[in-house]
Amino acid sequence: VPGRFGSALQFAGNEALPIVSPPFNLDQFTVSAWINIAGLSNGAVFSNVFPDPFHGFQLQLTNGVPQIITGAVTPDQTFQVSAPSALSPDEWHLVAGTFDGSFLSLYVDGALKGRIAARMSAATNPLVAKSSFHNTAFLTMKLDELRVVDQALSADKLAFEYQRGYGVQFSADAGGKAELPANCKAEPKRP
């Protein structure tokens, strides 16, 4: 389907696409995607918390509101940052979550929407692009330019990428070969 840049992945509300194998494990990260939702529903967008929900991270929407979550071993040690409002349906939005080892931050369309002190336990789960949330709630959406970087990009860098309409390809330091969709290519770590 037409995407923000070239073609995009389309989810009808019940699909999942494994992105990286072997398991994905970072102590710092930026995860981002251009997202176009059909309505204000719930669902995971990009995740490595399944099947173990208390390790790793998840970029998700709840009633159309973007959220980034990290887990630190138990349910009472999860950390979540939410945007103050929902995304506008049928429009492309750049949503990014960062974790620098100490702080978890959420950006929407290049603007910081929230930041909290957080921790994250190492995940041994694969990275998945999906539209389900605990397999009970589903999103109908288009995803373009899925990206994972093995460091927390700065607020200035994320704002610049949004303003420029930057179409960055998927990147990851997963300790193994990434299985990439046809419209993605690996990107080296940034200095």
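**Entry 1: His-93**

I looked up the polar contact of His-93 and found that its side chain meets the side chain of Asp-109 at 2.9 Å. The model is predicted, and I read every distance here as computed from it. I placed His-93 in strand 8, which covers residues 93-99. Is His-93 buried or exposed? His-93 has a relative accessible area of 7% and is therefore buried, the limit for that class being under 20%. I then listed its contacts, leaving aside neighbours within four places in sequence. The list holds Ala-33, Trp-34, Ile-35, Leu-87, Ser-88 and Asp-109.

**Entry 2: Salt bridges**

I asked how many salt bridges the model contains. The count is two. In one of them, Arg-147 pairs with Glu-161, with 2.5 Å between the closest N and O atoms. Arg-147 belongs to strand 14 (residues 141-149) and Glu-161 to helix 1 (residues 155-164), so this pair ties together parts that lie 14 residues apart in sequence. I noted that Arg-147 and Glu-161 are both buried.

The side chains of Lys-157 and Glu-161 also form a salt bridge, at 3.8 Å from N to O. I found both Lys-157 and Glu-161 in helix 1, four residues apart, which is about one turn of the helix. Their exposure I checked separately. Lys-157 is partly exposed, at 27% relative accessible area, whereas Glu-161 is buried, at 2%. I recorded Arg-147, Lys-157 and Glu-161 as a linked network of salt bridges. As general background, side chains of opposite charge can pair when their charged atoms come close.

**Entry 3: The open sheet and helix 1**

I traced an open sheet of six strands, in the order 1-14-3-8-9-10, with antiparallel pairing. Which strands form its edges? Strand 1 (9-11) and strand 10 (111-117) are the edge strands, each pairing on one side only. From one strand to the next, the twist averages 25°.

At the strand 1 edge, I followed the pairing with strand 14, which is antiparallel and has three bridges. Leu-9 has Leu-143 of strand 14 as its bridge partner.

I next looked at what helix 1 lies across, and found strand 3, strand 8, strand 9 (103-108) and strand 14. The helix runs at about 165° to strand 8.

**Entry 4: Strand 4**

I checked the burial of strand 4 residue by residue. Five of its five residues are buried, so strand 4 is largely enclosed by the rest of the structure. It pairs with strand 5 in the antiparallel sense, over four bridges. Within these two strands, I found Ala-44 opposite Gln-60, the latter in strand 5.

**Entry 5: Nonpolar cores**

I looked up the largest nonpolar core, which has 31 residues. Phe-29, Ile-35, Val-45, Ile-68 and Leu-143 have the most contacts inside it. Which strand gives the most to this core? Strand 3 does, with five residues. Another core, of five residues, lies apart from it and includes Ala-96, Tyr-107, Val-149 and Leu-153.

Two names recur from earlier entries. Ile-35, one of the residues with the most contacts inside the largest core, is also in contact with His-93. Leu-143, likewise among those core residues, is the bridge partner of Leu-9.

**Entry 6: Positive phi and loops**

I searched for positive phi outside glycine. Most residues other than glycine have a negative phi.

Asn-63 is not a glycine, yet has a positive phi of about 50°. I located Asn-63 in the loop between strand 5 (55-62) and strand 6 (65-72). Its relative accessible area is 48%, so Asn-63 counts as partly exposed.

Asp-90, also a residue other than glycine, has a positive phi near 60°. Asp-90 sits in the loop between strand 7 (74-82) and strand 8. I asked why Asp-90 is classed as exposed. The reason is that its relative accessible area of 58% is over 50%.

I closed with Gly-39, in the loop between strand 3 (29-37) and strand 4 (43-47). Gly-39 is partly exposed, at 24% relative accessibility. Its C-alpha atom is 9.9 Å from that of Ala-86, and the two residues are 47 residues apart along the chain.

Notes: Residues numbered from 1 in each chain as written. Predicted model: local features only at pLDDT ≥ 70, side-chain atom pairs only at ≥ 80, totals over all residues. Heavy atoms only, no water. Buried < 20%, exposed > 50% of the residue type's maximum accessible area, 1.4 Å probe, protein only. Salt bridge = Lys/Arg side-chain N within 4 Å of Asp/Glu carboxyl O. Polar contact = N/O pair within 3.5 Å; in protein donor to acceptor, adjacent residues only side chain to side chain. Contact = heavy atoms within 4.5 Å. Core = buried A, V, L, I, M, F, W, Y, C linked by side-chain atoms within 4.5 Å. Pairing = 2+ DSSP bridges. Axes fitted to C-alpha atoms, helices over the stretch in contact; angles between N-to-C directions.
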